[in-house]
There are 2 protein chains.
Amino acid sequence: MSVTQTLPLTDISRRSTDEADACSSPLARASIAPDHADALARSLKALADPARLRIISIVSAHTDQEACVCDLTDQLTLSQPTISHHLKVLVEAGFLSRAKRGTWSYYSVVPGSLNSVVGVLADV
Amino acid sequence: MSVTQTLPLTDISRRSTDEADACSSPLARASIAPDHADALARSLKALADPARLRIISIVSAHTDQEACVCDLTDQLTLSQPTISHHLKVLVEAGFLSRAKRGTWSYYSVVPGSLNSVVGVLADV
DNA sequence: CGGTAACATTGATCGTTGTCGATGTCCACG
DNA sequence: CGTGGACATCGACAACGATCAATGTTACCG
């Protein structure tokens, strides 16, 4: 399996700048940087879950923009540890913030966090 | 922030069926429906990958809004089957469309597909 | 001080997914 | 008609992630 064939070094490995590429079209603008794509993917991964989207929606639907875990266990058909897990993911991604008062934990949407992702995604 | 104000204890003993739960706040508006969250999560899952974000960016950076696979294998440090896999995910999610001409496959961004997700995400 | 309620953490399970090598398919060309 | 190039598909594997039961932690209350 090692070296089955020598690499075709004639044309493929040659860096373009030659217009002889038949299948390619010129670039109009630069594409996003790899690390930029990595950061955006991390944010999107935190949002790409039905339970987490509903959590954000439920929290932001409250008048004072905050809800406790009991509000979520009531509406979502998920166990309490699972909801805590999703909350942790959203907090670590910067979409929610936690405020503990007494025995209750109140979660609220970080202002502008969603719009920031929306803005970045708009010009990908 | 270490306020930890004492809670209004007068109402805690009264269990639910009363609309005023101690830890809960009233709703200002409705939250998204579960199937709506499911659909949005599927779209976001297709975007939540660094390679796929870069693919969309590279394709849309071309002047005619289309690029062939060779353009992608050149810029991404991934094998050709892996790139084909990501392209398939993006096509099935509705973000890219495929046009085969000769031996080459040209991929282009479906107009409005990204903005649609952005718009839905904006009012979650 | 013991009990209970709210929530977080841990450990385990199991489906999902990103990746690559190998192979298949289709087209162009000599 | 055979050969090679461009791309898709398949099979396998490893890493990740969503979920839950069990347990831990902290605050409140009698």
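## Two chains, one axis

Let's start with the pair: chain B is superposed on chain A by a rotation of 180° with 0.0 Å of shift along its axis, at an RMSD of 0.0 Å (a least-squares fit on the C-alpha atoms of residues with pLDDT of at least 70 in both copies). That is the relation of a two-fold axis. Within chain B, B:Val118 has the C-alpha nearest the axis, 2.9 Å from it. Both copies use the same surface, as 94% of the contact residues of chain B recur in chain A; contact here means heavy atoms within 4.5 Å.

This is a predicted model, in which local features need pLDDT of at least 70, side-chain atom pairs count only at pLDDT 80 or more, and totals for chains, interfaces and linings use all residues. Residues are numbered from 1 along each chain as its sequence is written, chains are lettered from A in the order in which they are written, and side-chain values use heavy atoms, leaving out hydrogens and water.

How confident is the predictor? On pLDDT, its confidence in each residue from 0 to 100, chain A has a mean of 83, with 82% of its residues at 70 or more. Over residues 1-20 of chain A, pLDDT stays under 50, and the model has three contacts beyond four places in sequence for them.

Now look inside chain B. Helix H2 (residues 50-61) and helix H4 (residues 80-92) of chain B pack at about 75°, their axes 10 Å apart. Helices are DSSP runs (H or I, at least four residues), numbered from the N terminus; axes are lines fitted to C-alpha atoms over the stretch in contact, with angles from 0 to 180 degrees between N-to-C directions. H2(B) is therefore roughly perpendicular to H4(B), a label for angles of 65 to 115 degrees. Among the residues in contact are B:Ile55 of H2(B) and B:Leu87 of H4(B).

How values were computed:
pLDDT = per-residue confidence, 0-100. Helix = DSSP H or I, 4+ residues; strand = E, 2+ residues; numbered from the N terminus. Parallel < 35°, antiparallel > 145°, perpendicular 65-115°, else oblique.
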